[in-house]
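Subject: Predicted model, with notes

Hello,

Below is the structure I said I would pass on. My notes follow it, grouped by topic.

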Amino acid sequence: MGVGPSTKETTLHHFRDPLLDVVSKDKDIDLLGVIIVGTPQANEDKYFVGQRAAAWAEAMRADGVIISVDGWGNSHVDYANTIEEIGKRNIPVVGLSFVGTQAQFVVTNKYMDTIVDFNKSSEGIETEVVGENNVTEIDAKKALAFLKLKMRKVGE
Amino acid sequence: MSDEKVIRSLVIKTFHINKVEFSKKTYIENKVLYIRDNIKDCLIDNEQAFIKDITIDLIYPDNHDMFVNSIMDFSPIATKVLGKMGEGITHALTGVYVMLTGVDETGIQVAEFGSSEGILKEQVVFGRAGTPSKDDIIIHVDVTLKEGMGIIRDGINSAHRACDKLVQEIRDYLKKMNGRLCDERYEYSDIIRPEKKKVVIIKQVAGQGAMYDTLLFAKEPGGFEGGRSIIDMGNVPIIVSPNEYRDGALRAMH
């Protein structure tokens with residue numbers, strides 16, 4: 001299990017990524033950069049790369065993280081772990097993922113309390129229609145709004 | 001308060017295309033993109049170990065009622081004109097995008113976790129960030145891989161390399177076009193906004209094998225040639241600046 005046709009982000013999606021667009025345009029946000037992390041096969045490697053991604057966020061002195069994934073199922077193991085590693089470092093984190101009815105998280109933890117589900121299909125499934133279950137501008141705006149709330153709570 | 005600091009700027013100049021045709025050579029004139037009609041031979045060159053055949057066709061908006069093999073990617077046609085990735089000037093075409101589809105010679109669709117073959121208009125939600133709009137023209141590169149080549153990385157890489165060769169020929173012309181004659185001009189900056197909340201975007205991408213891979217930092221925006229696979233880099237986190245990302249630092253290989 002990995003990335004299906006309806007959730008996969010094409011090269012064109014990356015070229016004009018709505019998430020990057022929304023976050024970089026916001027004048028209240030200092031966007032430090034984009035971290036690209038892979039999805040290795042072995043569990044040990046999954047934990048390793050997630051921990052390294054979180055260490056990067058900490059080293060960058062991030063006040064908040066938005067983490068997006070275009071796969072599900074097995075990919076959610078990596079995703080949940082990376083979120084946990086970030087959360088443990090007391091960095092507010094908001095997720096973007098396809099969940100729907102078909103892709104309920106296989107593992108979860110207390111830091112996964114704000115996940116924006118970008119499922120667009122009425123049945124909540126992998127429809128095999130390219131572009132259908134992709135992040136749109138509204139999803140990105142929601143994620144950033146949630147993150148701002150979470151960051152504000154930390155500051156109080 | 002405006003003590004923003006611009007680290008670097010990227011200008012993307014777009015040229016609109018409203019017609020694509022085959023011709024004796026590849027060039028652009030009066031918003032028409034001409035593609036060399038015998039280009040197919042050079043795409044297959046050196047790829048015979050993996051590719052059996054390639055078909056290139058042009059799909060106009062009124063022709064979405066056709067069958068296509070599983071969609072491997074939609075990609076932009078863009079090229080660096082000045083500077084490195086993330087800075088300087090990039091030229092890009094609008095109104096036309098590339099669709100790569102694949103099947104192997106025994107009829108097995110090239111896909112990893114569900115495949116998208118079928119009638120084009122039913123298999124794509126048009127107008128999303130990652131898909132062309134309904135009015136765009138699609139250059140359709142359909143690759144027939146040799147038996148079993150759709151499930152190994154070398155086979156998938158071969159299909160992307162061949163597709164990228166076609167795009168490169170267009171890029172080589174696009175690079176030389178007079179930037180002052182562009183249709184639209186966008187300027188993007190990597191900006192430090194002191195005192196504002198510092199945010200990092202993390203993107204978890206595919207990185208396990210054939211049809212489950214991601215390339216970074218190819219020579220050209222959204223390109224294949226020169227790209228480094230996240231698998232080969234051990235899937236460890238790689239930092240990309242916002243401008244590098246916008247300038248096509250990633251190629252989806254899944």
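A residue is called buried here when its relative accessible area is under 20%, exposed when that is over 50%, and partly exposed in between. Please keep in mind that this is a predicted model.

Helix α4 of chain A

By that cut-off, 12 of the 14 residues of α4(A) are buried, so the helix is largely enclosed by the rest of the structure. Among the buried ones are A:Ser75, A:His76 and A:Asp78, along with A:Val77, A:Ile83 and A:Ile86. An α-helix has 3.6 residues a turn, so residues three or four places apart point the same way. The length of α4(A) is as expected: at 1.5 Å a residue it should span 20 Å, and its end C-alpha atoms are 20 Å apart.

A:Tyr79 of this helix is one half of an aromatic pair. The search over all chains finds five such pairs. A:Tyr79 and A:Phe105 are stacked, with 6.2 Å centre to centre and 15 degrees between the planes. A:Tyr79 lies in α4 (residues 75-88) and A:Phe105 in the loop between β3 (93-97) and β4 (115-117) of chain A, so the pair ties together parts that are 26 residues apart in sequence. The two partners are classed as follows: A:Tyr79 is buried, at 0% relative accessibility, whereas A:Phe105 is partly exposed, at 23%.

The three-stranded sheet of chain B

Chain B has an open sheet of three strands in the order β2-β4-β3, with mixed pairing. Its edge strands are β2 (19-23) and β3 (27-29), each of which pairs on one side only. Neighbouring strands in this sheet are turned by 25 degrees against each other on average, direction ignored. β3(B) pairs with β4(B), residues 32-36, in the antiparallel sense over three bridges.

Across that pairing, B:Tyr27 stands opposite B:Tyr34. Their rings also form a stacked aromatic pair, at 4.5 Å centre to centre and with 15 degrees between the planes. Both B:Tyr27 and B:Tyr34 are buried. In addition, B:Lys25 lies over the face of B:Tyr27, at 5.1 Å from the ring centre.

The β8-β9 hairpin of chain B

Strands β8 (residues 78-82) and β9 (residues 88-94) of chain B pair in the antiparallel sense over four bridges. B:Ala78 stands opposite B:Ala92 in β9(B). Five residues lie between the strands of this hairpin, and B:Gly83 takes a positive phi near 85 degrees there.

Contacts that involve both chains

A:Trp72, A:Phe98 and B:Phe113 form one aromatic cluster. A:Arg16 lies over the face of B:Tyr97, at 5.1 Å from the ring centre.

Cysteines

How many disulfides does a search of the whole structure find? It finds zero over all chains. Take B:Cys42: the closest cysteine sulfur is in B:Cys163, 12 Å away, which is too far for a bond, because a disulfide requires the two sulfur atoms to be within 2.5 Å. B:Cys42 counts as partly exposed, since its relative accessibility is 27%.

Regards

Conventions: Residues are numbered from 1 along each chain as its sequence is written. Chains are lettered from A and ligands numbered from 1 in the order in which they are written. This is a predicted model: local features need pLDDT of at least 70, side-chain atom pairs count only at pLDDT 80 or more; totals for chains, interfaces and linings use all residues. Side-chain values use heavy atoms; hydrogens and water are left out. Two strands pair if DSSP finds at least two bridges between them. Helices (H or I, at least four residues) and strands (E, at least two) are DSSP runs, numbered from the N terminus. Axes are lines fitted to C-alpha atoms, for helices over the stretch in contact, and angles run from 0 to 180 degrees between N-to-C directions. Buried means under 20% relative accessible area, exposed over 50%, partly exposed in between (1.4 Å probe, protein chains only). Rings of Phe, Tyr and Trp (its six-membered ring) pair if their centres lie within 6.5 Å; planes under 30 degrees apart count as stacked, over 60 as edge-to-face and the rest as tilted. A charge sits over a ring if NZ of Lys or CZ of Arg is within 6 Å of the ring centre and within 35 degrees of the ring normal. The expected span of a helix is 1.5 Å times one less than its number of residues.
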